[in-house]
Amino acid sequence: MSERAEAAAADFERLKALVDAHLETALPEIPKEAWTLEEAMRYSLLAPGKRLRPVLLLLACECCGGETEEALPYACAVEMIHCYSLIHDDLPAMDDDDLRRGRPTSHRVFGEATAILAGDGLLSAAFERMLGAGAAAGAQGAGRPMRAAYEIAAGCGCAGMIAGQICDIEAEGLTVSAGRLDFIHAHKTGALIRAAVRAGAQLAGASEEMLAQLTAYAEALGLAFQIADDLLDAEGRTQDIGKTAGKDAAAGKATWPAVHGTEAARARLSELTARAEKAVREAGGEPAATEAMAALARTLETRKR
Ligand code: IPE
Ligand code: IPE
Ligand code: MG
Ligand code: MG
Ligand code: MG
């Protein structure tokens, strides 16, 4: 590994550790009567995830010269939303998965009703976290906390992630066009990744030009990330990916390998990675964060989980 790559990897680990530590105390106080809810929420939130979205938010903030500490509540909120989406995505009525992050899925452990409520709880807690931080900043934030919270609300909402999820479910067993497939991927996965990056930039008060460059980075990265996820489902091993391999083909899911073939999926993944790297370098942000964001795109191209 070159010195530059090593520094970038260390940057990712530094921010991931910060996120992991903050997630421990990020949930609101839950009444003791509702302890099962808290147990289920913590089970999913604290399971060993990659923490990609919160780290991206923090890196985008650093890239634009912002304060990491101020961005942490939003980073935790994005991870809460991501975890809620995973709990619901795994439900029998959705993808019907037994394994997540190498552990039994929420509904397998706690039952469906509790899993649904744990998802609802994490989504609500995310907004409590963000709006609480915004309220504490008061007028000092000059509208930045509100813009960041708006990005995240829109990204996970019905013109973002949820639109992608419904189209993903409706596409099961059908032949979908290339355009429809990209819509699904850009929404079910891309929208929250895009929102995380934009929220981090907004918190730092990024210029319109900077925001546009980082948005281009995030959009390329988001699509690349889901193509890699599809390839891992088709070619990876359950013990490596921490979720049941081969489920997409069995469910007739609309995936890049299914629609375009494995080779084309790999080529597209490379092309998008290069595009993401170029976009972040052209943004002209803080050098160390830029390097970490470029390195992250390359790492995700060849990820094994
Ligand atoms: C899984 O996301 C769901 C997708 C959008 C593909 P990740 O691969 O980031 O899952 P964790 O957070 O590391 O478990
Ligand atoms: C999940 O996509 C997207 C969201 C959870 C919003 P997938 O269904 O492909 O993710 P995995 O493979 O279950 O992690
Ligand atoms: Mg799914
Ligand atoms: Mg799934
Ligand atoms: Mg998948």
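Two residues are in contact if their C-beta atoms, placed from the backbone, lie within 7 Å of each other. Keep that in mind for the packing in these close-ups, which all come from a predicted model.

**Figure 1. Helix α6 and the helices it packs against.** Let's start with α6, which has 26 residues. From its first C-alpha to its last, α6 reaches 38 Å, close to the 38 Å expected at 1.5 Å a residue. Which residues of α6 are buried? The list is Thr-114, Ala-115, Ala-118, Gly-119, Gly-121, Leu-122, Ala-125, Ala-126, Arg-129, Met-130 and Ala-133. These buried residues pack against α2, α4, α5 and α7. Just after the helix comes Gly-138, with a positive phi of about 55°.

**Figure 2. Helix α2 and its packing partners.** This helix runs over residues 35–45, and its buried residues are Ala-40, Met-41, Tyr-43, Ser-44 and Leu-45. What do they pack against? They meet α1 (3–23), α4 (68–90), α5 (106–110) and α6 (112–137). You can check the α2–α6 pairing from the other side too, since the buried residues of α6 pack against α2.

**Figure 3. Helix α9 and its kink.** Covering residues 178–203, α9 has 26 residues. Its two end C-alpha atoms are 35 Å apart, close to the 38 Å expected at 1.5 Å a residue. Where is the kink centred? Look for Gly-190, where α9 bends by about 55°. Is α9 mostly covered or mostly uncovered? Mostly covered, with 20 of its 26 residues buried. Just past the end of the helix, Gly-205 takes a positive phi of about 70°.

**Figure 4. Leu-57 in the largest nonpolar core.** This core has 87 residues, and those with the most contacts inside it are Leu-57, Tyr-74 and Ile-152. Helix α4 gives the most to the core, with 13 residues. Zoom in on Leu-57 and, leaving out residues up to four places away in sequence, you'll find it touching Ala-71, Tyr-74, Ala-75, Val-78, Ala-196, Val-197, Ala-199 and Gly-200.

**Figure 5. Glu-151 and its contacts.** Glu-151 sits in helix α7, residues 144–156. Why does Glu-151 count as buried? Because it has 25 C-beta neighbours inside 10 Å, and 20 or more is enough to be called buried. If you skip the neighbours within four places in sequence, its contacts are Ala-195, Arg-198, Ala-199 and Gln-202. Take Ala-199: it is 48 residues away from Glu-151 along the chain, yet their C-alpha atoms are separated by 5.8 Å.

**Figure 6. Glu-282 in helix α14.** The helix here spans residues 262–283. Glu-282 is partly exposed, because 13 other C-beta atoms lie within 10 Å. For a sense of distance, the C-alpha atoms of Glu-282 and Pro-31 are separated by 49 Å, and the two residues are 251 places apart along the chain.

**Figure 7. Two arginines with a positive phi, Arg-51 and Arg-101.** Neither Arg-51 nor Arg-101 is a glycine. The phi of Arg-51 is about 65°, and that of Arg-101 is about 50°. Where do you find them? Arg-51 is in the loop between α2 and α3 (52–63), while Arg-101 belongs to the loop between β1 (99–100) and β2 (103–104). Arg-51 counts as buried because it has 21 C-beta neighbours inside 10 Å. Arg-101, with 18 such neighbours, counts as partly exposed.

**Figure 8. The shell around ligand 1.** Who lines up here? Gly-49, Lys-50, Leu-52, His-82, Arg-101, Thr-189, Gln-226 and Asp-229. Sorted by class, that's one nonpolar, four polar and three charged residues. You'll recognise Arg-101 as one of the positive-phi residues.

**Figure 9. The shell around ligand 2.** The residues to find are Ser-85, Leu-86, Asp-89, Asp-95, Asp-97, Met-161, Gln-165, Lys-188, Thr-189, Asp-229, Asp-233 and Lys-243. Two or more of them come from each of α4, α8 (161–170), α9 and α10 (208–235). Which helix gives the most to this shell? That's α4, with three residues. By class, the shell holds two nonpolar, three polar and seven charged residues. Thr-189 and Asp-229 turn up around ligand 1 as well as ligand 2.

Conventions
Residues are numbered from 1 along each chain as its sequence is written. Chains are lettered from A and ligands numbered from 1 in the order in which they are written. This is a predicted model: local features need pLDDT of at least 70, side-chain atom pairs count only at pLDDT 80 or more; totals for chains, interfaces and linings use all residues. A residue is near a molecule or strand if its C-beta atom, placed from the backbone, lies within 6 Å of it. Ala, Val, Leu, Ile, Met, Phe, Trp, Tyr, Cys and Pro count as nonpolar, Asp, Glu, Lys and Arg as charged, and the others, Gly among them, as polar. Helices (H or I, at least four residues) and strands (E, at least two) are DSSP runs, numbered from the N terminus. The expected span of a helix is 1.5 Å times one less than its number of residues. The bend at a residue is the angle between axes fitted to the seven residues ending there and the seven starting there. A residue is buried if 20 or more other C-beta atoms lie within 10 Å of its own, exposed if 12 or fewer, and partly exposed in between; C-beta atoms are placed from the backbone. A nonpolar core is a set of buried Ala, Val, Leu, Ile, Met, Phe, Trp, Tyr and Cys residues joined through C-beta atoms within 7 Å.
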